[in-house]
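Here are my notes for you to read alongside the model. Take the points one by one and find each place in the viewer as you go.

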Amino acid sequence: MMQFGIGTLVMLVLLLLVCVPFILLVVQLRQRRQLRIWLNQPEVRNSPDGIGAWRDIFTRLQRLRKEDHIERIALASSRDRFRLMVQTLPDGIILLDGNDHIEWLNATACRQFGLDAQRDAGTLIEQLIRHSQFIEYLTDFRAGRQSAPLVLALNGEQPRCVLSISLLSFGDAGGLLLARDITEIARAETIRRDFIANVSHELRTPLTVISGFLEQITSDHAPPAEATRGFLVLMNEQAQRMNRLVEDLLTLSRLENAATPPREERVNVPALMQSLLIESLALSSGRHAIELGEIAPFWVQGSPDELRSAFGNLVSNAVRYTPAGGSITLSWSDADGSPTFAVTDTGIGIPPEHVPRLSERFYRVDKGRSAASGGTGLGLAIVKHVLARHQGTLLIRSEVGRGSTFSASLPAARLIRV
Ligand code: ADP
């Protein structure tokens, strides 16, 4: 009995030693399988219960999953709102990859360029926007050359549409194209320009007639009575001033309306400097010491008329704003490779706060002095336009009471060595 009892006990213990690990293993495997199934489809609803330590693991995983689920919903909602916002924007947006293929575009860009978001994604943008100006702008952007926004008139559109296009670097090598519809602004600008051009043109003929007669009367052999003569001289001066104003307005209109780039010719600047010297001596009538400084022997590529007008305005300003006895130097050099025309005077100078605004139309530091010296208030505006059309810049250095230097620089690419 005793022997049977011990034998059975041993058997039972052995059975237990074999079965318990086996049961535990089966439980572990089952839990792992449940975990695997759940991980394949981790729905919060059908998460497993778990036994022992597994319960804790499942509970934590469920909590993480729930938090993740909430975050995903919030993220998706803000992404949808962002997309809606970008779609609703009045500006066109096109996202480009590093090779200029369209990655994404909004509804406005589709409308502006006649594109289709589904069909055209992945296509090279140059194949869809085939304007030569745009392709040039894109090439400049890729070459790292910064330029002002491109104004592009899409003539195929009905009605005609004018866009202001900017390209910005985006991400690693991508690009972001922004297109703003400026049709109305461009139309208003054209009306303004046409109006100024027409008014100036219309004023020119009657003014020429009046000036002609006035000149004749004041220089007549039988002069009018002394009192009337004074009035006539004044009228003559004012008529001449109006003539200059009209001529400057017409020059500005021509510059604004002319096609870019300006007429490209070889301009003999050293010869131009000689003729500017003669003109300035005539204008000064011996009141100033005017001389040529460094005159480098090179020419430039550009419009001879426009450059003459710009440089002439700078020289005329130096004469008009330098009191008698002062000196003026004209020079032509290649500062840092850029051909530069400079006029230095020992004149009245300009307070620094006025310098940034000098090239605005009709902006004068001293209105009375400008009018008395025969200024129209448009000289530096003309200079600025001419230089912009030649990709040049104007640098002004000035000190009140000591004088000024106006330097007009053109890009090195325009320089011609002769
Ligand atoms: P304006 O016909 O009045 O001379 P500009 O556009 O040529 O018009 O010049 C704008 C203003 O800049 C002038 O009214 C004057 O106050 C100032 N200015 C231009 N050049 C000079 C200079 N060399 N010295 C001092 N002031 C100058």
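**Notes on the model**

1. Let's begin with E256, which is buried, its relative accessible area being 17%. To call a residue buried, that value has to be under 20%. Keep in mind throughout that this is a predicted model.

2. Now look for the partner of E256: its side chain meets that of R361 in a salt bridge, with N and O 2.5 Å apart. This pair ties together distant parts of the chain, since E256 belongs to helix α8 (residues 226–257) while R361 sits in the loop between β10 (338–345) and α11 (367–372), 105 residues apart. R361 has a relative accessible area of 29%, so it counts as partly exposed. The two don't stand alone: E189, R192, R193, E256 and R361 are linked in a network of salt bridges.

3. There are other salt bridges to look at, as the structure holds 20 of them. One joins R414 to E264, and their closest N and O atoms are 3.0 Å apart. Here too distant parts of the chain are linked: R414 is in the loop between β12 (403–409) and β13 (415–416), E264 is in the loop between α8 and β6 (265–267), and 150 residues separate them. Which of the two is buried, R414 or E264? R414 is, at 7% relative accessibility, whereas E264 is partly exposed at 36%.

4. Another salt bridge to click on is the one between the side chains of D140 and R145, at 2.8 Å from N to O. R145 is partly exposed, and its relative accessible area is 47%.

5. Next, the ligand. How many residues surround it? There are 21, and the closest are Y321, S370, T376, G377 and L380. Try checking some distances to oxygen atoms of the ligand. For an N or O atom in the side chain of Y321 you should get 2.7 Å, and for one in the side chain of S370, 2.5 Å. With G377 the backbone does the job: one of its N or O atoms lies 2.8 Å from a ligand oxygen. Taken alone the ligand exposes 530 Å², and the protein buries 98% of that.

6. Helix α10 (residues 304–320) is a nice one for a quick sanity check. With 17 residues at 1.5 Å a residue, α10 should span 24 Å, and its end C-alpha atoms are indeed 24 Å apart. Why can we call α10 largely enclosed by the rest of the structure? Because 12 of its 17 residues are buried. Among them are L307, F311, G312, N313 and V319.

7. You can repeat the check on helix α2 (residues 53–88). Its 36 residues reach 52 Å from the first C-alpha to the last, close to the 52 Å expected. The buried residues of α2 are W54, F58, R65 and V86.

8. Turn to the surface and you'll find a nonpolar patch made of I6, L9, V10, L12, V13, L14, L15, L17 and V18. Together these residues have about 860 Å² of accessible area. One of them, L15, lies in helix α1 (residues 2–40).

9. Two backbone angles deserve a second look. Most residues other than glycine have a negative phi. D100 has a positive one, near 65°, though it isn't a glycine. You'll find D100 in the loop between β1 (92–96) and β2 (102–105), and it is buried, with a relative accessible area of 8%. Q391 isn't a glycine either, yet its phi is about 55°. Q391 is in the loop between α12 (379–389) and β11 (393–399), where it is partly exposed at 49% relative accessibility.

10. Finally, a couple of distances to get a feel for scale. A186 lies in helix α7 (residues 183–218) and is partly exposed, at 22% relative accessible area. From A186 to E215 you move 29 residues in sequence and 42 Å in space, C-alpha to C-alpha. A121 is in the loop between α4 (117–120) and α5 (125–128), and it is partly exposed at 37%. A121 and S285 are 164 residues apart in sequence, and their C-alpha atoms are 70 Å apart in space.

Definitions and conventions: Residues numbered from 1 in each chain as written. Predicted model: local features only at pLDDT ≥ 70, side-chain atom pairs only at ≥ 80, totals over all residues. Heavy atoms only, no water. Patch = residues over 30% accessible without salt bridge, like charges linked within 9 Å, V, L, I, M, F, W, Y side chains within 5 Å. Areas by Shrake-Rupley, 256 points an atom, 1.4 Å probe, with all protein chains shown as cover. Salt bridge = Lys/Arg side-chain N within 4 Å of Asp/Glu carboxyl O. Helix = DSSP H or I, 4+ residues; strand = E, 2+ residues; numbered from the N terminus. Expected span 1.5 Å × (residues − 1). Buried < 20%, exposed > 50% of the residue type's maximum accessible area, 1.4 Å probe, protein only. Near = heavy atom within 4 Å. Polar contact = N/O pair within 3.5 Å; in protein donor to acceptor, adjacent residues only side chain to side chain.
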